[in-house]
Structures are given as structure tokens and as C-alpha cells.
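The following exchange examines how certain descriptive terms are justified for individual residues. Please consider the sequence and structure shown here.

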Amino acid sequence: MKTSETIWIQISMTCIKISLVVMVVLFIRQDYPAVVGLLLGTVAAVVKFYFLANSLTKSMEMSSSKASTYSYTRYIMRQVFTAGVLIVAVFVDSINFFWAVGGILLPQAVIVGGQVYESIKAYLKLSRKTG
């Protein structure tokens, strides 16, 4: 079974790889605010995802009442962090807000995309055995 640290690293590396490819394309198109927005959003997403993995690991070692309070406060802190990043993206002209949002949502897309890929792969493997 994978640890939360292993999962965090795997998802973060996938996000970084996707972001780098998209940033190169945006850089070639000379859309520098989009590059900066995606960079900001991706960094924020990786940091948020690290905080999530860290809080899950720590809360598993606590009693249920302490874990509940700890998890809730960490959740609020992650949301405030996200709001801060988005506020910066809104008010700084050299940052594209929509690309920053895209970077922040990238881990969710990687997780869902990975699950869809694994489901399709399992379905095709099963259909080959029965076919």
C-alpha cells in the first residue's frame, strides 16, 4: 500500500510535468501572464497538496476529537492560503487569473484522470479475457 508521502510525490510530479509542458507552449506563444499564472497556481496546488498529505498523516496518530479539530483547522488554513493566492492573481496585472485557477485545480484533474485511465485499462483487460 502506498503511503501518503508516496502519493503526494507521484501526483505532484505529474502536475509539475503537465504544467511545464503547458508553460513551454504558453512561453512560445509569448503569453507571459499565463505562464506566471500557471506557475503560481501549480506551486500553490503542490504546497496545498503537501499540507493535505501532512495533515492526514498527523491526524491519523491523534484521538478522533483532536483529529477532527486538527483537520478542520488545517482545512481552513488551506482555503485561506488558496484565497490569498487567488487575490494576488486578481490584483497583479502580470498574472493571468484563469491560468492560476487552472494550476490550483490541476491535482484534482490528475487524480480524476488517473482513475479514469485505470478504469479504462481494467475494462479493456477484462474485455480481452472474455472476448
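The questions below concern two residues of this predicted model.

Q: Why is Ser 55 called buried?
A: Buried means under 20% relative accessible area. Ser 55 has a relative accessibility of 4%, and therefore counts as buried.

Q: Where does Ser 55 lie, and which residues is Ser 55 in contact with, leaving aside its neighbours within four places in sequence?
A: Ser 55 belongs to helix H2, which comprises residues 32-59. With those neighbours set aside, its contacts are Tyr 70, Arg 74 and Arg 78.

Q: What makes the pairing of the Ser 55 side chain with the backbone oxygen of Leu 52 a polar contact?
A: A polar contact requires a suitable pair of N or O atoms within 3.5 Å. A polar atom of the Ser 55 side chain lies 3.2 Å from the backbone oxygen of Leu 52, so the distance satisfies that cut-off.

Q: Why is Gln 30 called exposed?
A: The term exposed applies over 50% relative accessible area. The value for Gln 30 is 58%, and therefore this residue counts as exposed.

Q: Where does Gln 30 lie, and what is its phi?
A: Gln 30 is in the loop between helix H1 (4-28) and H2. Its phi is positive, at about 60°, although Gln 30 is not a glycine.

Methods:
Residues numbered from 1 in each chain as written. Predicted model: local features only at pLDDT ≥ 70, side-chain atom pairs only at ≥ 80, totals over all residues. Heavy atoms only, no water. Helix = DSSP H or I, 4+ residues; strand = E, 2+ residues; numbered from the N terminus. Buried < 20%, exposed > 50% of the residue type's maximum accessible area, 1.4 Å probe, protein only. Contact = heavy atoms within 4.5 Å. Polar contact = N/O pair within 3.5 Å; in protein donor to acceptor, adjacent residues only side chain to side chain.
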